[in-house]
Amino acid sequence: MPAISMTVNGEKVCGEVEGRTLLVEFIRNNLGKTGTHVGCDTSQCGACVVHVDGKAIKSCTALAVACDGASVDTIEGLAQNGKLHPMQEAFREHHGLQCGFCTPGMIMAGIDIVKRKGKKLKEETIREELEGNICRCTGYHNIVKAIQAGAAKM
Amino acid sequence: MSDTGIGARMQRKEDHRFITGKGRYTDDINLPGQAVGYFLRSPHAHAEIKKIDTRKAEKAPGVLCVLTGEDAAADNIGGVICGWMIHSKDGSPMKAGPHPVLAQGKVRHVGDQVAVVVAHTSAQAKAAAELINVTYKVLDANVDPVASQKRGAPQVHDVASRNTVFEWELGDKAATDAAFSSAAHVTTLDLVNNRLAPNAMEPRAAIGSYDAGEDHYTLYTTSQNPHVARLVISAFVGLAPEHKLRVIAPDVGGGFGSKIFIYAEEVVCLWASRRAGGVPVKWVADRSEAFLTDANGRDHVTRAELATDANGKILGLRAKTIANMGAYLSTFASSVPTYLYATLLSGQYNIPNIYAEVDAVYTNTSPVDAYRGAGRPEATYVVERLMETAARELNMDPAELRARNFINSFPHQTPVIMCYDAGDYSASQKKAMEMIDYAGFEKRKSAAARKGKLRGIGFSNYIEACGIAPSAAVGSLGAGVGLWESAEVRVNPVGTVEILTGSHSHGQGHETTFAQLVSDRLGIPADQVAIVHGDTDKVQFGMGTYGSRSGAVGMTAISKALDKIEAKAKKVAAHVMEASESDVEFKDGSFSVKGTDKKMAFGEVALSAYVAHKFPTSEIEPGLKEGAFHDPTNFTFPAGCHICELEVDADTGVTEIVDWVAVDDFGNIINPMIVEGQVHGGIAQGVGQALTEAVVYDEGGQLLTGSYMDYCMPRADNLPSFRLDFTKTECPSNPLGIKGCGEAGAIAAPAAVMNALTSALGVKDVPMPASPQNVWNAMAHLREAAE
């Protein structure tokens, strides 16, 4: 089995994986970081969004071996020294989550939107950019508000 | 109001773990030595199983065991059941076919579970399943619920002749027919309430673990009601008695009804763990499997009629509904198109005569059961589409037709069982009309027309019955269980509190709202309160969360237990402060003696109760812990008015919702932030039903909408922001005055959208979901007129 190594949330990690092992499986099963979720099998729902070399990707659609040597950030790595990332804080403040299952992917996608589109986000921009993230609980109303507020504070 | 008491917009206590990736869902749990279960499922909608050869699979690498329906029968593993008995109008009991945990003799829908392979890894289990050789004799499939009752239609279950589970009725047929005979006008609508897949974002999962040393089972599962799961698996499946089975529902990623039910996979994981020698067996559905096997919702075909007099007063309502049950009767399937549906056909209106007939039918499709609203969205869709259509036919303003028929005095006994206890339907409609500027609609419509858009407005004045109790009442209607709730309040010696509740939170925020109730009552901060739920070893019993019942029923049980805590703490405080109990007052978290400066904080009294130095333990037992069971005296009746405004692009058929106002009466509200979130999510699901979602099978019973590529979940850009407000009439049947809010949005929304859409297009009906194609087809008359 191929041996791979990568930096996850700033820490060097390595492991042996099968060629077919997905990045999300490596993160969840090998590294035990279960904050990244799997909600579908067609790369639609976005519960598995992580950042690879600074860009948001769906970790259910990337092979772990393809991320050999990459720098990966997951939901577990966002808070620094016990201080929440502004996007995490905004989701709590604006009730941007209910069951919590889509939340890690939403927060990681939200941060990525800010990186690409800036801190002043219009509602329609956020709605359009969230096309790849499905939430069944919130009707998106408060997720949109949370991303807008989180963006302003980033 | 304190920062953490009733009515506070308190941020959620549970959020920290979810926003930091520390939630603990079933798939996040891994037990030592755990193996993986993989289900081989039927590729056919309807087939006899002639032979299953598992020999090659059993020898495949990593395989611990392969089990089939024959093994289940040999081990006396019973099937899963439907827990609500419905009788047909001729008095005969419903015809429930067997529902084995692994198919026996026949498969009845694509995805029906045929065998399970237990192996060390998922890849090994899947590879071995490929080696199982099943010989099928493929049968014709029965897919269309309307055709299923016809002579010669393929029979799904031998016990149900012409695929008919029951032919049920409610109301006075003769009186209703007479009302229709005397009517000045009759409005008729043929409506299809489209089949939906609930799609909680967390797919179902289970880990079964058998401890041979203790002869004891543990099940981790994605359940809304772990105690009911344990009861069914013990009493009906017969796997193990309740004291030998622990069911844990940890963090659950949404349910919407689909995780109420007891599914075969949960049973099989437990049983397979025993058969595999005590190795824990984990199964996690992928989304495709969820589409094939999660119980679906809705799926009604209805002819509905409304009779009115010359002044627009309603004289009667008739409905004939065919309800698709799918291939098996799921846990509460039979209650949904009957007592959760026809009992709400009076809506918010004085309707003197109502008669409903419901035929429930089997088809070769996945089972259908309760999905957010469960019967009440279907009823609201019938009533509110009829009201709007009748208004158009009578050339009346739909708001005026509604106002003329509102129920204005309470209690109000409808002709279909329900006795509404409180409400003010005029108030919510009036407020909603002001919010959306109803008077200005024609101007907005003209402005839209100038840019090539057809603008429409539609109302939905819904009512729902929540709580689903008292137990004796639901028992008389066929429920196999009582629908009360339990609570236990454990006060620790330092004055912090643990609440054990039979309600289950899977997004509703109980860890916050239940703590707010305790904070309010005991005068302690909410962060000193822990809510314990979802584990049958910790909570003695409970009925779980569905039907918007956790506030009205679950919190009332907590409130009753808090009454007992307060009463006992008062006794303790009286002894410690050497005062008469009648002189002790409890206010703002302190016990004080009237007319003196003697005072003890709640925490001090708690410590005194445990130290037990200063009161006679022969009279007062040490400690401070109380429990309560609460059985309500009536259903609760949340109601409100939702108004949708939308625009249709005449060239493409694309519908855009441009405004939404909702004015709901939920009685007293514990946390407005959380309640608003529930309404937002409910509306989104209702809009999904109206505009994007449908489960579709082809004629052979193959599922065409088996993934998110084909089943269109509403995305952020399909929806607007919503504008919400509330009116309030307190619920008289519980001391907190609360009614429930979890399903309202999903109940109200489809009719609001479709009333707006049909008003925009000037047509009587558009099939749901009103996809661009369906809308474009419905606009044919406009194109012809233009030519």
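1. Domains of chain A. The domain assignment splits chain A into domain 1 (3-75) and domain 2 (86-153). The model is a predicted one. Taken over C-alpha atoms, the centres of domain 1 and domain 2 of chain A are 21 Å apart. Their contact draws on 15 residues of domain 1 of chain A and 11 residues of domain 2 of chain A.

2. The domain 1 side of that contact. Two elements of chain A give two or more residues to the side of domain 1 that touches domain 2: strand S3 (49-52) and strand S4 (55-58). S3(A) has the largest share, with 3 residues. By class, this side of domain 1 of chain A holds 7 nonpolar, 7 polar and 1 charged.

3. A helix pair in chain A. Two packed helices are described by the angle between their axes and the distance between the axes. For helix H2 (residues 86-93) and helix H5 (residues 141-153) of chain A, the angle is about 145° and the axes are 8 Å apart. The crossing of H2(A) and H5(A) is right-handed.

4. Residues in the H2(A)–H5(A) contact. H2(A) brings Pro86(A), Met87(A), Ala90(A), Phe91(A) and Glu93(A). H5(A) answers with Ala146(A), Ala149(A), Gly150(A) and Lys153(A). The contact of H2(A) with H5(A) comprises 6 nonpolar, 1 polar and 2 charged residues.

5. The contact between the chains. Chain A puts in 43 residues and chain B 41 residues. On the chain A side, the elements that give two or more residues are H2, helix H3 (103-117), helix H4 (123-129) and H5. H2(A) gives the most, with 4 residues. The side of chain A that touches chain B divides into 18 nonpolar, 15 polar and 10 charged residues. H2(A) and H5(A) thus appear twice in this note: they pack on each other, and both are listed on the side of chain A that touches chain B.

6. Overall form of chain B. Chain B contains 20 helices and 28 strands. Its radius of gyration is 28 Å, which agrees with the value near 28 Å for a compact globule of 787 residues. Along the principal axes, the C-alpha atoms of chain B fill a box of roughly 90 × 75 × 50 Å. Of the 787 residues of chain B, 60% count as buried. Contacts in chain B between residues at least 6 apart in sequence are mostly long in range: 80% of them join residues at least 24 apart.

7. Domains of chain B. The assignment gives domain 1 (31-139 + 201-254 + 259-293), domain 2 (300-468 + 634-786) and domain 3 (484-630). Between the C-alpha centres of domain 1 and domain 3 of chain B the distance is 40 Å. The contact takes 16 residues from domain 1 of chain B and 14 residues from domain 3 of chain B.

8. The domain 1 side in chain B. Helix H6 (226-235) and strand S11 (245-248) of chain B are the elements that give two or more residues to the side of domain 1 that touches domain 3. H6(B) has the largest share, 4 residues. This side of domain 1 of chain B divides into 8 nonpolar, 5 polar and 3 charged residues.

9. Cis peptide bonds to check. Most residues other than glycine have a negative phi, and most peptide bonds are trans. The bond from Ala469(B) to Pro470(B) is cis, with omega near 20°. Pro470(B) sits in the loop between strand S18 (453-463) and helix H13 (471-476) of chain B. Met768(B) and Pro769(B) are also joined by a cis peptide bond, with omega about -5°. The place of Pro769(B) is in the loop between helix H18 (744-761) and helix H19 (772-778) of chain B.

10. Positive phi in chain B. Phe256(B) is not a glycine, yet its phi is positive, about 60°. Phe256(B) belongs to the loop between S11 and helix H7 (264-275) of chain B. Phe256(B) counts as buried because it has 30 C-beta neighbours inside 10 Å, and the cut-off for buried is 20 or more. Ala612(B) likewise has a positive phi, near 60°. Ala612(B) lies in the loop between helix H16 (602-611) and strand S25 (625-630) of chain B. With 14 C-beta neighbours inside 10 Å, Ala612(B) counts as partly exposed.

Definitions and conventions:
Residues numbered from 1 in each chain as written. Chains lettered and ligands numbered in written order. Predicted model: local features only at pLDDT ≥ 70, side-chain atom pairs only at ≥ 80, totals over all residues. Rg over C-alpha atoms; globule rule 2.2 N^0.38 Å. Buried ≥ 20, exposed ≤ 12 C-beta atoms within 10 Å, placed from the backbone. Contact = placed C-beta atoms within 7 Å. Domains from an automatic or database assignment. Nonpolar A, V, L, I, M, F, W, Y, C, P; charged D, E, K, R; others polar. Axes fitted to C-alpha atoms, helices over the stretch in contact; angles between N-to-C directions. Left-handed = near helix turned anticlockwise from the far one by under 90°.
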